[in-house]
Amino acid sequence: MRFRWATASHVGQVREANEDSVHPEADGAGDGPLLVAVADGLGGHVAGEVASRLAIQAAAATGGDVAARVQAGNAAVVARVREQPELAGMGTTLTLAELTGNEAAIGHVGDSRAYLLRSGSLRQLTTDHSKMEELLSAGLITQDEVPTHPQRAMITRALGLAPDVEVDTVAERLEPGDRLLLCSDGLTSMVDDATIEQLLAGAASVEEAAWSLVDAANAAGGADNITVAVVDAGP
């Protein structure tokens, strides 16, 4: 299967620095295997940027399955904190997908997300590791309460905070015409899934899809850094 991909990252309308990282940084096309990844750094603009960059670099440089790649990203952040104790408390989300043939293997920690658009219908492939997801799953709040909830930014799992981290993995068989999206919560906190679906389905190219999503998040207020990776699967 042949892949076309585009990535986009923007600081947003409120933050002073971009703590997100993305891989690959350049758009392209090829037969694969292809690794795409999005990381959203935590711990202040200096430490967050360091954590997200380290995690993606280590994940991209590591062999093995997607869980091993995510664990390598975690180890890299933990090691840097040991070397520079002033960075203690930094961490990052990491959502990555390794695409080989018609198979997508996804590794995930945090509240960045992976979605699949198939035949115009959007499906979320990952589950957020967040306080909001726990409350929603337990039926303690409604989706309408999320945007104003005082714990809306609290995540329950991240890289860099402990020597080991539990990694969610997802396996998905791809079909020609599928469009895969990885994104930080700077998109999903600003733009609802129905609008994401509409923008992904209506974009003629991966480049148009990526930047239309960034533009939509900024138009909605851009309260956080916004990073997306879009991949088309085709014959």
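Guide: In this predicted model, a residue counts as buried when its relative accessible area is under 20%, as exposed when it is over 50%, and as partly exposed in between.

Visitor: Why is D128 called buried?

Guide: The relative accessibility of D128 is 10%, and the cut-off for buried is under 20%, so D128 counts as buried.

Visitor: What makes D128 and R113 a salt bridge?

Guide: The definition asks for a side-chain nitrogen of Lys or Arg within 4 Å of a carboxyl oxygen of Asp or Glu, and the closest N and O atoms of D128 and R113 are 2.7 Å apart, so the pair meets the criterion. D128 lies in the loop between β9 and α3, while R113 belongs to strand β8, so the salt bridge ties together parts that are 15 residues apart in sequence. R113, at 15% relative accessibility, also counts as buried. The structure holds 14 salt bridges.

Visitor: Where in the chain do E175 and R118 lie, and why are they called partly exposed rather than buried?

Guide: E175 and R118 form a salt bridge whose closest N and O atoms are 3.6 Å apart. This pair links distant parts of the chain, with E175 in the loop between β10 and β11 and R118 in strand β8, 57 residues apart. The relative accessibility is 39% for E175 and 22% for R118; since partly exposed covers what falls between under 20% and over 50%, E175 counts as partly exposed, and R118 counts as partly exposed as well.

Visitor: What makes R179 and D232 a tie between parts of the chain?

Guide: The closest N and O atoms of R179 and D232 are 2.6 Å apart, and the cut-off is 4 Å, so the two form a salt bridge. R179 lies in strand β11 and D232 in strand β12, so the pair ties together parts that are 53 residues apart in sequence. Both R179 and D232 are buried.

Visitor: Why is β12 described as largely enclosed?

Guide: Nine of the nine residues of β12 are buried, so the strand is largely enclosed by the rest of the structure. Both of its faces are covered, for I226, V228, V230, D232 and G234 are buried on one side, and T227, A229, V231 and A233 on the other.

Visitor: How do you know that β12 pairs with β1 and with β11?

Guide: Two strands pair if at least two bridges are found between them. Nine bridges join β1 and β12 in the antiparallel sense, and five bridges join β11 to β12, which also run antiparallel, so each pairing satisfies the criterion. Within these pairings, A8 has V228 as its bridge partner in β12, and L180 stands opposite V231 in β12.

Visitor: Which residues does R4 touch?

Guide: R4 is found in strand β1 and, leaving aside residues up to four places away in sequence, R4 touches G28, A29, V206, V230, V231 and D232. The C-alpha atoms of R4 and G28 are separated by 5.9 Å, although the two are 24 residues apart along the chain.

Visitor: How do you know that the span of helix α6 agrees with what its 14 residues should give?

Guide: At 1.5 Å a residue, the 14 residues of α6 should span 20 Å, and the end C-alpha atoms are 20 Å apart, so the two values agree. The buried residues of α6, including V206, A209 and L213, pack against β1, β11, α4, α5 and β12. After α6 comes G221, whose phi is positive, near 130 degrees.

Technical notes. Residues are numbered from 1 along each chain as its sequence is written. This is a predicted model: local features need pLDDT of at least 70, side-chain atom pairs count only at pLDDT 80 or more; totals for chains, interfaces and linings use all residues. Side-chain values use heavy atoms; hydrogens and water are left out. Helices (H or I, at least four residues) and strands (E, at least two) are DSSP runs, numbered from the N terminus. Buried means under 20% relative accessible area, exposed over 50%, partly exposed in between (1.4 Å probe, protein chains only). Contact means heavy atoms within 4.5 Å. The expected span of a helix is 1.5 Å times one less than its number of residues.
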